[in-house]
Amino acid sequence: TSNVTTARDNAPLLPKVKNIIAIASGKGGVGKSTTASNLAVALASAGAKVGLIDADISGPSIPTMFNVEAEQPMVKQENGKNVILPIEQYGVKLMSIGFLTPADSAVVWRGPMASSALKQFIGDVDWGDLDYLLIDLPPGTSDIHLTMVQTVPVTGAVIVTTPQKVALADATKGLSMFKQPQINVPVLGVVENMAYFTPEELPNNKYYLFGKEGGQKLAEKFGVPFLGEIPIVQSIRESGDTGYPAVLKSGITKESFSLLAENIAR
Ligand code: ADP
């Protein structure tokens, strides 16, 4: 028994949003935000209405990954209430703390403040009709995760990991968290990022820099689907830095992220 009320027990806050999908990882730096942004664009490219919340309050990277770092959202009045209009880029509606704080300033917030920022991103933003609202969570397990499940009925969580032992150990913790009774969010599956490297001059060779099939084994261990693998590709990193998601270009990255979007949309 738990005294935590989750949003599943209450009337939904976002009745016009069909699916709310959390993108989580155990460790930082495994490519969670890269996956979230490319997945959002892949779903939008397939015709879905998509929103993306950057819930990484102390390390927001979505504005950079979408090349909208200088944007500031407009606020309108609706029934005497302030409503924030999300920033739209590549067909995806975006909200991030990065739009509301000066660039280069460190956001040092206590847990409750970060949690209230997430609540605002969910409740005070004009998301409209959406097929998917993705929530790019901070790494690990935090107040934010609890706030999320208490605020909105989360359809499912996607766990991003690299095949490396230390990343998998943390991903295991992240995955178990979603299964705990007080969180109780279905795990849609595991994505293995940085799965292998293929040099351009040796297109048939795969080098498993971080180990092989760790993500698949994690999925098997927990009896959840394996959603796909994303190779290490220099252009994925470059695309993140220049703010033009790799899935918008052709090639292996477009294929892997599009396949991931198909697996999640099922
Ligand atoms: P996280 O959100 O887990 O902290 P990021 O998405 O910010 O991780 O990714 C960390 C770094 O790794 C970024 O510089 C990103 O561009 C790079 N990166 C992520 N996935 C890949 C990949 N598949 N290939 C190449 N670089 C990647």
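**Exercise 1. Describe the sheet: state its strand order and identify the strands at its edges.**

Solution. The sheet is open and mixed in its pairing, and its eight strands follow the order 5-6-2-7-1-8-9-10. Strands here are DSSP runs of E of at least two residues, helices are runs of H or I of at least four residues, and both are numbered from the N terminus; two strands pair if DSSP finds at least two bridges between them. The edges are occupied by strand 5 (87–89) and strand 10, each with a single partner strand, so one side of each lacks a neighbour in the sheet. On average, neighbouring strands are turned by 25° against each other, direction ignored.

The model is predicted: local features need pLDDT of at least 70, side-chain atom pairs count only at pLDDT 80 or more, and totals for chains, interfaces and linings use all residues. Residue numbers start from 1 along each chain as its sequence is written.

**Exercise 2. Characterise the surroundings of strand 7 (residues 130–136).**

Solution. Begin with the pairing. Strand 1 (residues 17–25) runs parallel to strand 7 and is joined to it by six bridges; A22 stands opposite I135. Strand 2 (residues 50–54) also pairs with strand 7 in the parallel sense, over five bridges. Here L52 stands opposite L134, and D54 faces D136.

Next, consider burial (buried: 20 or more other C-beta atoms within 10 Å of the residue's own, C-beta atoms being placed from the backbone). Five of the seven residues of strand 7 are buried, so the strand is largely enclosed by the rest of the structure.

**Exercise 3. Determine how helix 1 and helix 8 (residues 252–265) pack.**

Solution. Two packed helices are described by the angle between their axes and the distance between the axes. For helix 1 and helix 8 the angle is about 75° and the axes are 9 Å apart. Axes are lines fitted to C-alpha atoms over the stretch in contact, and angles run from 0 to 180 degrees between N-to-C directions. Helix 1 is therefore roughly perpendicular to helix 8 (65 to 115 degrees).

Residues in contact have C-beta atoms, placed from the backbone, within 7 Å. Helix 1 contributes N38, L39, A42 and L43, and helix 8 contributes F257, S258, L260, A261, I264 and A265. These residues divide into eight nonpolar, two polar and no charged (nonpolar: Ala, Val, Leu, Ile, Met, Phe, Trp, Tyr, Cys and Pro; charged: Asp, Glu, Lys and Arg; polar: the others, Gly among them).

Terms used:
A residue is buried if 20 or more other C-beta atoms lie within 10 Å of its own, exposed if 12 or fewer, and partly exposed in between; C-beta atoms are placed from the backbone. Angles under 35 degrees count as roughly parallel, over 145 as roughly antiparallel, 65 to 115 as roughly perpendicular and the rest as oblique. Two residues are in contact if their C-beta atoms, placed from the backbone, lie within 7 Å.
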